[in-house]
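Let's take a walk through this one together, with charged side chains as our guide. Have the sequence and the 3D view open as you read.

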Amino acid sequence: MKNFQVPKEIAEIVSTLIKAGYKAYVIGGCVRDLLLGREPKDWDVTTNATPEEIQKIFPDTVYENEFGTVAVKTGSKDLKLTIVEVTTFRKEEKYSDLRHPDKIEFTDSIEEDLARRDFTVNAIALQSANGKSQIVDPFNGQEDLKNKIIRAVGDPAKRFNEDALRLMRAVRFAAELGFTIEEKTTAAIKKSANLLAKIAKERIRDEFAKIIMSDGKGPYNGVLKLEELGLLAHIIPEVREGIGVGQNKHHIYTVWEHNLLALDYAASKNHPLEIRLAALLHDVGKPRTKAGEGPDSTFYNHDVVGAKMTRIILGRLKFSSKLIDHVTHLVRYHLFYYNVGEVTEAGIRRFIRRVGEENIEDLLKVREADRIGSGVPKAFPYKLRHLKFMIEKVRRDPTTPKMLAVKGDDVMKILDVPPGPKIGWILNILLEEVLDDPAHNTKQNLESRIFNLGKLPDEKLKKIAENSKKRKEEFESGIEAEIKQKYYIE
Ligand code: ATP
Ligand code: MG
């Protein structure tokens, strides 16, 4: 038997337990990954010693929860090994809430412990002590590893009824490992899909995020699999609205296919979760905004509608508000028009003012995923390169009130007025002028502009400020409907 490389901290915990007269094994995902030649994410040990006995044997421990898990501190600097979870063998328990076993029953038998685990590839125990390795594999997990199969341990229907999160875990492991789900397990998932409704959203979110963050084709295949198994309807039903929804002459894919392909591209670029989610959701508003049919159908406002939907979807899945804001912003502004020679430097500055400098890079990533995911070769790569060049060119130009050469204090001093809306009106008017031409952004120029603007009646000032705001909104609402119609923006 091959001797598997187990870190010395883990080997030490196992041999300490064995020396004290107990059984002990490395177990779960780390054994699976080790046998696959992948690097384990964390290490788990299982033993017939009770939590009390484990705590007596190891000097530095924390008793974590009622599930019989003791966290053993190893002093290792490697974060994966600093704390190792040592869990007492457990038996199959009754689950009345589909998630938590009603009570924990310890057992002396590793086979019984393996029988309560979810999938055969996760139910392999490895004993690696004194330079020797021994494997306990009563459900032929090694065979399934070899054939790349996710198969429930025992009766699949019963296992999914005990804990419905396993429905998502099956897809997650298939996505992460590039495995297929075995036939009977597949049938049981389809039959039990509705049980997902009873699972805490946070747990669904975590498994979903793991699918979206998996390597290679994992995210693409994973979301397709969720749909095929009837699970997606309980996670993001809104994405399903794009199924079978054809687009216009600029697209060869349906909305659903296009969103998936955009996600696939974002994943292939190793982009972070936010970008991948924005790619998946960027056109989620299209089905609800579609007008007409066939080559001339339109999707006006799908960016605005899609952003609203994105906020609802991610909020329901209990993502952090920081992530929700960011992804929503990316979906809201994914649609920008750029054509070489047509958009001026002032236009680019307004674009930056609108989306925020800090978001430009992410927005370009989403845009690129959108383009590649459309499957229609266009002259866009050159356009995007040119846009990047233009952004670089105007990067240092002032695009926010903070970047003006004067502050609100200056306005109050020059005009001898107290704080009030007038200050904001004037700063906004100045910013509009500076966005048009950054050469205006000198203290001397702006101070004299303040002096002159101060002579105008408040009503007039307010109107000019509102006009410039309107100009901004016009821009925001899709960059001039006219251009939009002429050139078509998806
Ligand atoms: P990862 O690589 O993501 O850590 P893992 O297989 O280690 O994957 P964990 O969630 O860390 O997954 O769980 C460790 C082990 O505990 C699993 O391999 C499996 O044997 C068992 N397990 C975890 N969750 C369940 C569950 N819901 N039902 C049955 N067994 C489970
Ligand atoms: Mg694990």
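**Following the charges**

Start with Glu-345 and Lys-393, which pair up in a salt bridge whose closest N and O atoms sit 2.9 Å apart. This contact ties together distant parts of the chain: Glu-345 belongs to helix α18 (residues 345–355) and Lys-393 to helix α20 (residues 380–394), 48 residues apart. Keep in mind as you look that this is a predicted model. Glu-345 is partly exposed, with a relative accessible area of 31%, and Lys-393 is partly exposed too, at 47%.

Now move along to Asp-458, which makes a salt bridge with Lys-422, with 3.2 Å between the closest N and O atoms. Again distant parts of the chain are linked, with Asp-458 in helix α24 (residues 458–476) and Lys-422 in helix α22 (residues 421–436), 36 residues apart. Are the two partners buried or partly exposed? Asp-458 is partly exposed, because its relative accessible area of 38% falls between the 20% and 50% cut-offs. Lys-422 has 17% relative accessibility, so it counts as buried, the limit being under 20%.

For a salt bridge inside one helix, go to Lys-158 and Glu-162, whose side chains meet at 3.9 Å, N to O. Both lie in helix α7 (residues 156–162), four residues apart, or about one turn of the helix. Lys-158 is partly exposed at 47% relative accessibility, whereas Glu-162 is buried at 8%. This pair is also part of a network of salt bridges that links Lys-158, Arg-159, Glu-162, Asp-163 and Arg-166. Across the model, the salt bridge count comes to 42.

Two members of that network, Asp-163 and Arg-166, bring us to ligand 1. Which residues are closest to ligand 1? Of the 15 residues around the ligand, the closest are Arg-32, Lys-41, Asp-163, Arg-166 and Arg-172. Charge dominates the mix here, with 11 charged residues in the shell, next to three polar and one nonpolar.

Zoom in on the arginines and you'll find oxygen atoms of ligand 1 at 2.8 Å from a side-chain N or O atom of Arg-32, at 3.1 Å from one of Arg-117 and at 3.0 Å from one of Arg-169. On its own, ligand 1 has 580 Å² of accessible area, and the protein covers 82% of that. The elements giving two or more residues to the shell are α2 (29–36) and α8 (165–177), and α8 gives the most, with four.

Finally, zoom back out: domain 1 (8–143) and domain 2 (148–235) both contribute residues to the shell, so ligand 1 lies between them.

Definitions and conventions: Residues numbered from 1 in each chain as written. Chains lettered and ligands numbered in written order. Predicted model: local features only at pLDDT ≥ 70, side-chain atom pairs only at ≥ 80, totals over all residues. Heavy atoms only, no water. Salt bridge = Lys/Arg side-chain N within 4 Å of Asp/Glu carboxyl O. Buried < 20%, exposed > 50% of the residue type's maximum accessible area, 1.4 Å probe, protein only. Near = heavy atom within 4 Å. Polar contact = N/O pair within 3.5 Å; in protein donor to acceptor, adjacent residues only side chain to side chain. Areas by Shrake-Rupley, 256 points an atom, 1.4 Å probe, with all protein chains shown as cover. Nonpolar A, V, L, I, M, F, W, Y, C, P; charged D, E, K, R; others polar. Domains from an automatic or database assignment.
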